[in-house]
Amino acid sequence: MDHGTRPRPDDPPRVAGPDRPGRGRGVLEGAFALLGALRRCGDEAGVTELALACGVPKGSAHRLLDQLVTLGAVERHGSRYRVGPQLYRLGQGWEPHPGLRLAARPPVQRLRAATGASVVLAVLREDQALVVASAPGELEPLVPVRNGTAFRLDTAAGHALRGPLRGGAVLDREDVMDGVCCAAFPVRGRDGRTVAALAAMVPSGRRLDVLAEAVAAAGAALGRALARGVPHRAVPPAALAP
């Protein structure tokens, strides 16, 4: 069928072939599979490595990657690929809860400055605690904290996300990792439901009661900010350009 021709109701269904991204897989699904494989592979990866990682034929992977490079979603360096700036810009627009990331900036930074802890704000996604705001602290590089990383739900942040809690912060006294302690506190939205967890990690030997009080105060302040409502960020005209 020509590219300019629309399919008719009686047209036979299109099936996967050697030029398709995979059996029964659409182009978008193949592209997102490659982007996911890029994230899992680390900083850079070759086309063969990416094709094997996500089950896309090498020829199809190469064509999809070229299209993603054209769109700015992927960058090519020689024969290797990495996530591009357009994908980063799009990701910055994601809000797991209205106003959460914007409201979290001051309390996260203040908590880091007051305690020296590595601070993360996490939300519940796909049975993991996904970091959406962070501030590195004393534990770098032992426990690097970065936006987009994820923790298991048996961590303090995971327990704070799942609740319900009777009050106060959830404490981790080297339960998950030797030499690392943590205090986490649930952040609640206007309706009282837990929308995120604020967690601070410090080396063992620090007073966890003091850390827990600081985390609880910062988490409560963030909850109050969400209750008041955070002004929407203005979109610069340049950001609307294609």
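Me: Is Glu-44 buried, partly exposed or exposed?
Reply: This model is predicted. Glu-44 has a relative accessible area of 24%. Buried means under 20%, and exposed means over 50%. The value for Glu-44 falls in between, so Glu-44 is partly exposed.

Me: Which residue forms a salt bridge with Glu-44, with the closest N and O atoms 3.9 Å apart?
Reply: A salt bridge needs a side-chain nitrogen of Lys or Arg within 4 Å of a carboxyl oxygen of Asp or Glu. Here the closest N and O atoms are 3.9 Å apart. The partner of Glu-44 is Arg-80.

Me: How many residues apart in sequence are the parts that Glu-44 and Arg-80 tie together?
Reply: Glu-44 lies in the loop between α1 (27-41) and β1. Arg-80 lies in strand β3. The pair therefore ties together parts whose separation in sequence is 36 residues.

Me: What is the relative accessibility of Arg-80?
Reply: Arg-80 counts as partly exposed. Partly exposed lies between under 20% and over 50%. For Arg-80 the value is 33%.

Me: Which residues are linked with Glu-44 and Arg-80 in a network of salt bridges?
Reply: Glu-44 and Arg-80 belong to a network of salt bridges. Side chains of opposite charge can pair when their charged atoms come close. The other members of this network are Glu-49, Glu-75 and Arg-82.

Me: In what order do the strands of the open sheet of 3 strands stand?
Reply: The pairing in this sheet is antiparallel. β1 (45-46) and β2 (74-77) stand at the edges, each with a single partner strand, so one side of each has no neighbour in the sheet. The order is β1-β3-β2.

Me: Which residue in β3 stands opposite Ala-45?
Reply: β1 and strand β3 (residues 80-83) run antiparallel and are joined by 2 bridges. Ala-45 faces a residue of β3. That residue is Tyr-81.

Me: What is the N to O distance in the salt bridge of Glu-138 and Arg-206?
Reply: The side chains of Glu-138 and Arg-206 meet in a salt bridge. Glu-138 lies in the loop between β5 (128-135) and β6 (150-151), and Arg-206 in the loop between β9 (194-203) and α7 (208-228), so the pair ties together parts 68 residues apart in sequence. Glu-138 is partly exposed at 43%, and Arg-206 is partly exposed at 34%. The N to O distance is 3.2 Å.

Me: Which residue forms a salt bridge with Arg-152?
Reply: The closest N and O atoms of this pair are 3.0 Å apart. The partner counts as partly exposed, at 41% relative accessibility. The partner is Asp-154.

Me: How many of the 9 residues of strand β8 are buried?
Reply: Strand β8 covers residues 180-188. The strand is largely enclosed by the rest of the structure, because of its 9 residues the number buried is 8.

Me: How many bridges join β8 to β9?
Reply: Strand β7 (residues 170-173) and β8 run antiparallel, joined by 4 bridges. In that pair Arg-173 stands opposite Cys-181. β8 and β9 also run antiparallel, with Cys-182 opposite Met-201. The bridges between β8 and β9 number 9.

Me: Which residue takes a positive phi near 90° in the hairpin of β8 and β9?
Reply: The hairpin of β7 and β8 has 6 residues between the strands, and there Glu-174 takes a positive phi near 60°. The hairpin of β8 and β9 has 5 residues between the strands. The residue with a positive phi near 90° is Gly-192.

Me: Which cysteine has the nearest sulfur to that of Cys-181?
Reply: The count of disulfides is 0. A disulfide needs cysteine sulfur atoms within 2.5 Å. Cys-181 is in no disulfide, and its nearest cysteine sulfur is 8.8 Å away. That sulfur belongs to Cys-182.

Me: Which element gives the most to the lining of the largest pocket?
Reply: The largest pocket has a volume of about 1300 Å³. Of the 27 residues that line the pocket, the closest to its centre include Arg-39 and Leu-87. The elements that give two or more residues to the lining are α1, β3, α4 (85-92) and β5. With 6 residues, the element that gives the most is α1.

Definitions and conventions. Residues numbered from 1 in each chain as written. Predicted model: local features only at pLDDT ≥ 70, side-chain atom pairs only at ≥ 80, totals over all residues. Heavy atoms only, no water. Pairing = 2+ DSSP bridges. Buried < 20%, exposed > 50% of the residue type's maximum accessible area, 1.4 Å probe, protein only. 1 Å grid on protein atoms, 1.4 Å probe; cavity = no way out; pocket = protein on both sides within 12 Å on 5 of 7 lines; lining within 4 Å. Points joined across faces, edges and corners; volume = space filled by probe spheres on them.
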